[in-house]
Amino acid sequence: MGQKITEKKKCYWRKKSAPTRGAHETSGVFGGIWLRAALIRAVRTVAQTAIATIGTSAVLSDVDWKIVASASVLSGILSILTAFAGLPEVDQATTYEEEGE
């Protein structure tokens with residue numbers, strides 16, 4: 001019939017012949033899937049860093065916005081650089097595609 005794919009509390013079936021990604025998306029280092037996954041991770045990291053940095057102030061008027069911006073941008077850059085080591089989302093998508101063939 002098809003193969004069962006399980007992802008974080010999601011369970012669904014798809015036929016083996018169904019494409020796992022569009023024709024424009026590739027699994028290479030700078031492919032669409034990798035780039036999308038890396039940018040999503042970077043945006044989340046920037047937001048988490050901003051929230052944590054703002055949370056260190058007792059009062060909103062005491063927030064040093066230059067430090068918040070600097071730490072957030074740096075965390076985003078580090079997240080993108082770390083993505084070169086590999087992203088589990090991309091590895092998982094590649095594995096599913098190889099199993100389907």
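Of the 101 residues in this chain, 26% count as buried. Keep in mind as you browse that the model is predicted. The accessible surface of the chain comes to about 7,500 Å², and carbon and sulfur atoms account for 63% of that surface.

**Overall layout**

The chain holds three helices and two strands. Following the sequence from its start, you meet them in the pattern β-β-α-α-α. What about contacts across the sequence? Taking contacts between residues at least 6 apart in sequence, 54% join residues at least 24 apart.

**Helix H1 and the core**

Which residues form the largest nonpolar core? That core has seven residues: Ile33, Trp34, Ala37, Ala38, Ala83, Leu87 and Val90. Helix H1, residues 32-55, gives the most to this core, with four residues.

H1 itself has 24 residues. From its first C-alpha to its last, the helix reaches 34 Å, close to the 34 Å expected at 1.5 Å a residue. The buried residues of H1 are Ile33, Trp34, Ala37, Ala38, Ala42, Thr49, Ala50 and Thr53. A helix rule is handy when reading that list: an α-helix has 3.6 residues a turn, so residues three or four places apart point the same way.

**Two residues of helix H2**

Helix H2 covers residues 65-83, and Ala69 is found in this helix. Ser72 has its place in H2 too. Here is how the two residues stand in terms of accessibility:

| Residue | Relative accessibility | Class |
|---|---|---|
| Ala69 | 41% | partly exposed |
| Ser72 | 7% | buried |

Why does Ser72 count as buried? Its relative accessible area is 7%, and the class of buried residues takes in values under 20%. Ala69 counts as partly exposed because its 41% falls between that limit and the 50% above which a residue is exposed.

Which residues does Ser72 touch, leaving aside its neighbours within four places in sequence? Ser72 is in contact with Val46, Thr49 and Ala50. Thr49 and Ala50 are also among the buried residues of H1. Within its own stretch of sequence, Ser72 has a side chain that reaches the backbone oxygen of Val68 at 2.7 Å.

Ala69 can be placed relative to H1 as well, through Thr53, one of the buried residues of that helix. Ala69 and Thr53 lie 16 residues apart in sequence, and their C-alpha atoms are 9.3 Å apart in space.

Conventions:
Residues numbered from 1 in each chain as written. Predicted model: local features only at pLDDT ≥ 70, side-chain atom pairs only at ≥ 80, totals over all residues. Heavy atoms only, no water. Buried < 20%, exposed > 50% of the residue type's maximum accessible area, 1.4 Å probe, protein only. Contact = heavy atoms within 4.5 Å. Areas by Shrake-Rupley, 256 points an atom, 1.4 Å probe, with all protein chains shown as cover. Core = buried A, V, L, I, M, F, W, Y, C linked by side-chain atoms within 4.5 Å. Expected span 1.5 Å × (residues − 1). Polar contact = N/O pair within 3.5 Å; in protein donor to acceptor, adjacent residues only side chain to side chain.
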